[in-house]
2 protein chains.
Amino acid sequence: MYPESLKNLIESLKLFPGIGEKTAERMAFSVMDMDDEKIEFISNSLSEINHKIKRCSICNSLTEHDVCEICSNKLRDNSVLCVVEDPKNVILFEKLAIFNGVYHVLNGLISPLEGINPEDIELNKLIDRVKNGNFLEIILAFKPSIEGETTSLYIKKILCDLNITITKIASGVPMGADMEYIDAITLERALFDRKNIE
Amino acid sequence: MYPESLKNLIESLKLFPGIGEKTAERMAFSVMDMDDEKIEFISNSLSEINHKIKRCSICNSLTEHDVCEICSNKLRDNSVLCVVEDPKNVILFEKLAIFNGVYHVLNGLISPLEGINPEDIELNKLIDRVKNGNFLEIILAFKPSIEGETTSLYIKKILCDLNITITKIASGVPMGADMEYIDAITLERALFDRKNIE
């Protein structure tokens, strides 16, 4: 029904997550109204991304260089290390602009159910970095889930002999949330982790 | 915050309609998980679309050849012509597989308010085709709007001297719609265009 090249374009756009037939069609038709310069911009950006982007040799975060901007920034506090699951999380924290320490990106979280073991997420790289570094605090910033908890406990167990404070980000009722919409587990955790009012 | 090439990719994906910052970020990150073959497929499909796709020399529809598949199909009924506003509409009708005539695609609709005149939508090409063809019926399939009505009336006026039936698709209450959600103009039109029950 569609000319071959239009069909190809629609099929190729459906490779993106969350893009179905209708959206892909709309996107494909919009391409036919774009000038060559714009199309080239999209097409080139796509082609070069995986050649240019690599993982930082220190923290595993995304970078175009051997060492990422954060690791090579002399002004960052090298005594606090924030461990995250995914490079996207680094960007989330950086957007907040409230953390001046450095990061370490794991390759996911330990999940015995899915057969993801400590070696699959390159935990050794983190352990070596901590043992050879001068960190005073390690902040574990994983999502509150069985995988997040398992990974936190595992890291805590290995690093507990070193004289380093190991913390994890608070979980509980999110700011601005209506109490009646909070799920039972979150509420239970919020009650259990209650704090003195200062 | 993002490496340059990732920032470029996100910006470029935002050129698609309906793709905002968040979706573009999600799409860009998904690209980094794709293998080179898939990325190349998307990138090539994009680059080649505007070089390969052109307008059919007879009906203005999209094709990779000089004459589109429908116009060159000997089995189509060349006595019924369906006039539409946009190449997308041809595909809508073809998906239904209930029309075996041929199409003519205009370059939009006449809109005095937006300064779009008959010559801007290449109406002459349609008029010439009808005058030189052997059509028995011209079906005008425009959306029910001021622009659609204006264009229909204009075409009707020019072609009324020829011995050709000129019809337009019915407008009224859509199938399955709840009466209370129908807008006043549609309801008025549906009442005005009422039919005998046969």
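1. In this predicted model, helix 3 of chain A (residues 36-52) packs against helix 1 of chain B (residues 4-13) at an angle of about 150 degrees, and the two axes are 9 Å apart. Angles over 145 degrees count as roughly antiparallel, and helix 3 of chain A and helix 1 of chain B are therefore roughly antiparallel to each other. Their crossing is left-handed.

2. Which residues make this contact between helix 3 of chain A and helix 1 of chain B? Helix 3 of chain A contributes F41(A), I42(A), S45(A), L46(A), E48(A), I49(A) and K52(A). From helix 1 of chain B come S5(B), L6(B), N8(B), L9(B), E11(B), S12(B) and L13(B). By class, the residues of this contact are seven nonpolar, four polar and three charged.

3. The reciprocal contact brings together helix 1 of chain A (residues 4-13) and helix 3 of chain B (residues 36-52). Here too the packing angle is about 150 degrees and the axes lie 9 Å apart. Helix 1 of chain A and helix 3 of chain B are therefore roughly antiparallel, and helix 1 of chain A passes helix 3 of chain B in a left-handed crossing.

4. On the chain A side of this second contact are S5(A), L6(A), N8(A), L9(A), E11(A), S12(A) and L13(A), in helix 1. They meet F41(B), I42(B), S45(B), L46(B), E48(B), I49(B) and K52(B) in helix 3 of chain B. The residues of the contact of helix 1 of chain A with helix 3 of chain B divide into seven nonpolar, four polar and three charged.

5. How are the two chains related? A turn of 180 degrees with a shift of 0.0 Å along the axis lays chain A on chain B with an RMSD of 0.1 Å. That is the relation of a two-fold axis. Both copies use the same surface, since 100% of the contact residues of chain A recur in chain B. The residue of chain A that comes closest to the rotation axis is S43(A), with its C-alpha at 2.3 Å.

6. Chain A contains an open sheet of four strands in the order 4-3-5-6, with parallel pairing. Its edge strands are strand 4 (102-105) and strand 6 (165-168), each of which pairs on one side only. On average, neighbouring strands of this sheet are turned by 25 degrees against each other, direction ignored.

7. Within the chain A sheet, strand 3 (residues 80-84) pairs with strand 5 (residues 137-140) in the parallel sense, over four bridges. V83(A) has L140(A), in strand 5, as its bridge partner. Helix 4 of chain A (residues 87-96) lies across strand 3 and strand 4, and runs at about 155 degrees to strand 4 of chain A.

8. In chain B, the open sheet of four strands has the order 4-3-5-6 and parallel pairing. Strand 4 (102-105) and strand 6 (165-168) of chain B are the edge strands, each pairing on one side only. From one strand to the next, the twist averages 25 degrees.

9. Strand 3 (residues 80-84) and strand 5 (residues 137-140) of chain B pair in the parallel sense over four bridges. In this pairing, C82(B) stands opposite I139(B) of strand 5. Helix 4 of chain B (residues 87-96) lies across strand 3 and strand 4 of chain B, and its direction is at about 155 degrees to strand 4 of chain B.

Notes: Residues numbered from 1 in each chain as written. Chains lettered and ligands numbered in written order. Predicted model: local features only at pLDDT ≥ 70, side-chain atom pairs only at ≥ 80, totals over all residues. Heavy atoms only, no water. Axes fitted to C-alpha atoms, helices over the stretch in contact; angles between N-to-C directions. Helix = DSSP H or I, 4+ residues; strand = E, 2+ residues; numbered from the N terminus. Parallel < 35°, antiparallel > 145°, perpendicular 65-115°, else oblique. Left-handed = near helix turned anticlockwise from the far one by under 90°. Contact = heavy atoms within 4.5 Å. Nonpolar A, V, L, I, M, F, W, Y, C, P; charged D, E, K, R; others polar. Pairing = 2+ DSSP bridges. Least-squares fit on C-alpha atoms with pLDDT ≥ 70 in both.
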